[in-house]
Number of protein chains: 2
Amino acid sequence: MRQLRRPAGRPPQPLLSSARITSAALKLIGRSGYRGLTMAALAKSLNVATSALYNHVNSKQDVLLLVEDHLMGRVDVSAFSNQPWETAVSMWAHSYRQVFASHLPLIPVIALLPVTDAPRTITMYEAVTQGFLTAGWPAERIIDAIVALESFIYGSAYDVNAPTNIFDAGTQVPHSPNFSAAVARRGNLAGANNADAAFDMGLKALIQGLAAGVSAEMGAATAGLH
Amino acid sequence: MRQLRRPAGRPPQPLLSSARITSAALKLIGRSGYRGLTMAALAKSLNVATSALYNHVNSKQDVLLLVEDHLMGRVDVSAFSNQPWETAVSMWAHSYRQVFASHLPLIPVIALLPVTDAPRTITMYEAVTQGFLTAGWPAERIIDAIVALESFIYGSAYDVNAPTNIFDAGTQVPHSPNFSAAVARRGNLAGANNADAAFDMGLKALIQGLAAGVSAEMGAATAGLH
DNA sequence: TTCACTAAATGAATGACGTTCATTTAGAAT
DNA sequence: ATTCTAAATGAACGTCATTCATTTAGTGAA
């Protein structure tokens, strides 16, 4: 079945928009991964010439930013409004990691690009900040704590995609006896994925450590120490 | 000054080797960053045809793996042999982050590729594992703890390269009052880089939390609880 | 209404880049 | 000696992102 060829020139109704591009990009990523996300394939899936995309985005990076911000809307921050701080942070972090574990190429985008053009991302941060404030965190410390948690989440998202044999030392096993033994013993405990176990362990430690750190500081402040 | 053109055919002395390629790649990265690291530029810096590289590596990924493993040798693990566990982990983590903060494109390589062909990486893990064992960590938990720490380190390496205005909400400031206020207050405290503050805060928390978690578990085990 | 301007499409062209292949030459192994 | 393999050259390929001239349609000002 051949398609009618659309003539050149502005169409009566616009064929493209940021929203349409974002949606098509997400479908394409779902179907063929980030390797399949090319400007040509994206245009084709929208039944449009490749160059038409550049009337709506300045670069492929822009497309990635659109996708990133859309996905940020899927990160669940609801726990910050009805759960204690520790629980809320844990639920948020789990959701955050889950959303981006299948979108690793976005991590450099999130981590390095200003949030200015990412409204949903800003909304997410606002909810998280509110949760921290409600829990009594001093404003001065909140961003650093969020950044620390996010750093852990990004790294953990990579780890979700690590192959199971990533720590296989191969021929070097004799030269790394302690390490290789530890690798062999890993996961000898009940169930669950290795990546999940490491994430849960680290997240619990981080949350507990952050809480301890900030409460110590506040205690000191209250006591007038500095 | 024109170069003599080398004729085709195997030269009496090999012009290339893994070591030479690694060294040239590192120099090139230092001079022009990862954007400048192309197979063509790499070959040119070695005064060799591009295709000659493929007699020694199978792909550009291979080059990245060579560089990665070389850099792993720069990560300082010495503290594990003469410092208490908390100090050693902290020093190792700082060194690890510093080494890779200027090599972000390697992070997916480290995080996702088996260590099998990375001998220095294995050596690093062996030293870290020994440090954990000496501190009394149960073998079953060590790899998960290392993975958790590494995840945090990778994410923090990205953060080192984040622009200072990354959290600038721009026109959306009115819609994110708490977040924007927290961003404004960040770094109101003495000196230091924002990224460094977040890293120190998170690392301290993580180390403390991991220590607390494992000692609780060991205490329970000692007491015969399970 | 007309006219200039801008928005949004097409399709051709460009320029990087990674990678492959036929070919050549030299060392190594039988 | 002869054969096999290692290691080089240079040409060619295919994939991409991006740009540009061109076309057409809506929009706002005179």
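User: In this predicted model, what turn lays chain B on chain A?

Analyst: Chain B can be laid on chain A with an RMSD of 0.0 Å. The shift along the axis is 0.0 Å. The two copies are thus related as by a two-fold rotation axis. The turn is 180°.

User: What percentage of the interface residues of chain B are also interface residues in chain A?

Analyst: The copies meet through the same surface. That follows because the share of chain B interface residues that are also interface residues in chain A is 100%.

User: Are α8(A) and α6(B) roughly parallel or roughly perpendicular to each other?

Analyst: Helix α8 of chain A spans residues 177-185, and helix α6 of chain B spans residues 119-134. Their axes are 7 Å apart and pack at an angle of about 75°. Angles of 65 to 115 degrees count as roughly perpendicular. Therefore α8(A) and α6(B) are roughly perpendicular.

User: How many residues of the contact of α8(A) with α6(B) are nonpolar?

Analyst: On α8(A), the contact includes A:Pro177 and A:Phe179. On α6(B), B:Ile122 and B:Leu133 are among the residues taking part. Three residues of this contact are polar and one is charged. The nonpolar ones number six.

User: How many residues surround DNA strand C?

Analyst: Among the closest are A:Leu15, A:His56 and B:Lys60. By class, the surface has 14 nonpolar, nine polar and five charged residues. The total surrounding DNA strand C is 28 residues.

User: Which residue has a polar backbone atom 2.8 Å from a base oxygen of DNA strand C?

Analyst: A backbone N or O atom of B:Gly9 lies 3.2 Å from a base oxygen of DNA strand C. For A:Gly9, a polar backbone atom is 3.4 Å from a base nitrogen. The residue at 2.8 Å is B:Arg10.

Methods
Residues numbered from 1 in each chain as written. Chains lettered and ligands numbered in written order. Predicted model: local features only at pLDDT ≥ 70, side-chain atom pairs only at ≥ 80, totals over all residues. Heavy atoms only, no water. Near = heavy atom within 4 Å. Polar contact = N/O pair within 3.5 Å; in protein donor to acceptor, adjacent residues only side chain to side chain. Nonpolar A, V, L, I, M, F, W, Y, C, P; charged D, E, K, R; others polar. Least-squares fit on C-alpha atoms with pLDDT ≥ 70 in both. Contact = heavy atoms within 4.5 Å. Axes fitted to C-alpha atoms, helices over the stretch in contact; angles between N-to-C directions. Helix = DSSP H or I, 4+ residues; strand = E, 2+ residues; numbered from the N terminus. Parallel < 35°, antiparallel > 145°, perpendicular 65-115°, else oblique.
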